[in-house]
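Good morning, colleagues. I should like to take you through one model today, beginning with a pocket and then turning to a helix, the chain as a whole and a single loop residue. Please have the structure open as I speak.

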Amino acid sequence: MTKKAGQSIVILTGSGISAESGLPTFRGSDGLWQGRRVEEVATPEAFEREPLLVQQFYNLRRAALQRVEPNAAHLALAALEREWPGEYLLITQNVDDLHFRAGSRRLLSIHGELRRARCLSCGADTPWMEDLTPDSSCPRCHEVGKLRPHIVWFGEAPMHMDQCLDALSQADLFVAIGTSGKVYPAASFVDFVASRPGTRRLELNQEATGNPRFNEVRIGPATETVQALVAELLA
């Protein structure tokens with residue numbers, strides 16, 4: 001694909017792009033956190049049952065963002081957004097803010113954001129940098145104990161799906177970076193794009209997912225493969 005106006009790029013990123021920034025997973029080798037399956041602290045039911053435990057899990061993850069920085073892959077995608085003359089959208093499954101801090105603005109976080117909180121009383125979501133506790137009050141309606149992490153939990157629908165599908169329906173190039181290909185509906189994005197003849201569908205990953213819908217696969221660290229791809233596109 002040469003750099004020219006009118007061509008549309010949609011990029012999907014997963015945990016593989018942030019792993020090189022050193023973000024901890026908070027999931028042990030046995031798949032547990034404090035003796036619990038992570039899925040047990042990432043549901044609306046868990047929050048209703050044990051709000052303090054759920055808040056502690058996300059407080060740790062939020063605090064970890066203070067110790068990491070965007071890496072070369074994040075920065076390369078921000079540069080691509082600035083310089084690409086056609087349509088461009090970055091969709092991320094990650095809940096960190098590394099894309100935003102790198103400079104990406106045409107960005108949809110479909111699984112929510114660690115540095116935002118949402119009120120179960122008034123529905124407002126707001127920036128939130130500190131710990132959340134059952135005693136935290138909503139900046140909008142001032143209700144206490146109603147704030148939850150602005151995160152899509154198991155059993156909840158991803159955010160911004162209409163915008164994602166609209167962009168995917170017009171994409172000339174779809175790139176999946178650092179994704180497992182196992183989390184839906186994002187895993188089906190390549191199928192959606194493949195329904196349009198002539199689209200380029202590229203996977204950048206440490207290991208290939210084996211999805212035949214991709215017509216090109218590049219293996220390696222995101223900090224290397226993403227920089228190389230952006231250099232090609234902007235050449």
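Let me begin with strand β6, which contributes four residues to the lining of the second largest pocket, the most of any element. I should say at once that we are looking at a predicted model.

How much space lies in this second largest pocket? The volume is about 290 Å³. The lining comprises 18 residues, and those closest to the centre of the pocket are Asp96, Asp97, Phe100, Glu113 and Arg116. Two or more lining residues come from each of α5, at 98-102, β5, and β6, at 112-119. Sorted by class, the lining of this pocket consists of seven charged, seven nonpolar and four polar residues.

I turn now to helix α6, which spans residues 161-168. Which of its residues are buried? They are Met161, Cys164, Ala167 and Leu168. These four lie on the same side of α6, because the arc they cover around the axis is only 130 degrees. The general background is that an α-helix has 3.6 residues a turn, so residues three or four places apart point the same way.

What covers the buried residues of α6? The cover includes the strands β1 (9-13), β4 (88-92), β5 (107-109) and β9 (173-177), together with helix α7 (189-194). Strand β5 thus appears in both parts of this account: it is included in the cover of α6, and it gives residues to the lining of the second largest pocket.

Next, the chain as a whole. There are eight helices and eleven strands. For 235 residues, a compact globule would be expected to have a radius of gyration near 18 Å, and the chain agrees, with 18 Å. Along the principal axes, the C-alpha atoms fill a box of roughly 55 × 40 × 30 Å. Of the 235 residues, 49% count as buried. Among contacts with a separation of 6 or more, 64% are between residues 24 or more positions apart.

Finally, a residue in a loop. Glu130 sits between β7 (125-127) and β8 (147-151). Is Glu130 buried or exposed? Its relative accessible area is 56%, and the cut-off for exposed is over 50%, so Glu130 counts as exposed. In sequence, Glu130 is 78 residues from Leu52, and in space the two are 15 Å apart, C-alpha to C-alpha.

Thank you for your attention.

Technical notes
Residues numbered from 1 in each chain as written. Predicted model: local features only at pLDDT ≥ 70, side-chain atom pairs only at ≥ 80, totals over all residues. Heavy atoms only, no water. Buried < 20%, exposed > 50% of the residue type's maximum accessible area, 1.4 Å probe, protein only. Arc of directions from axis to C-beta. Contact = heavy atoms within 4.5 Å. 1 Å grid on protein atoms, 1.4 Å probe; cavity = no way out; pocket = protein on both sides within 12 Å on 5 of 7 lines; lining within 4 Å. Points joined across faces, edges and corners; volume = space filled by probe spheres on them. Nonpolar A, V, L, I, M, F, W, Y, C, P; charged D, E, K, R; others polar. Rg over C-alpha atoms; globule rule 2.2 N^0.38 Å.
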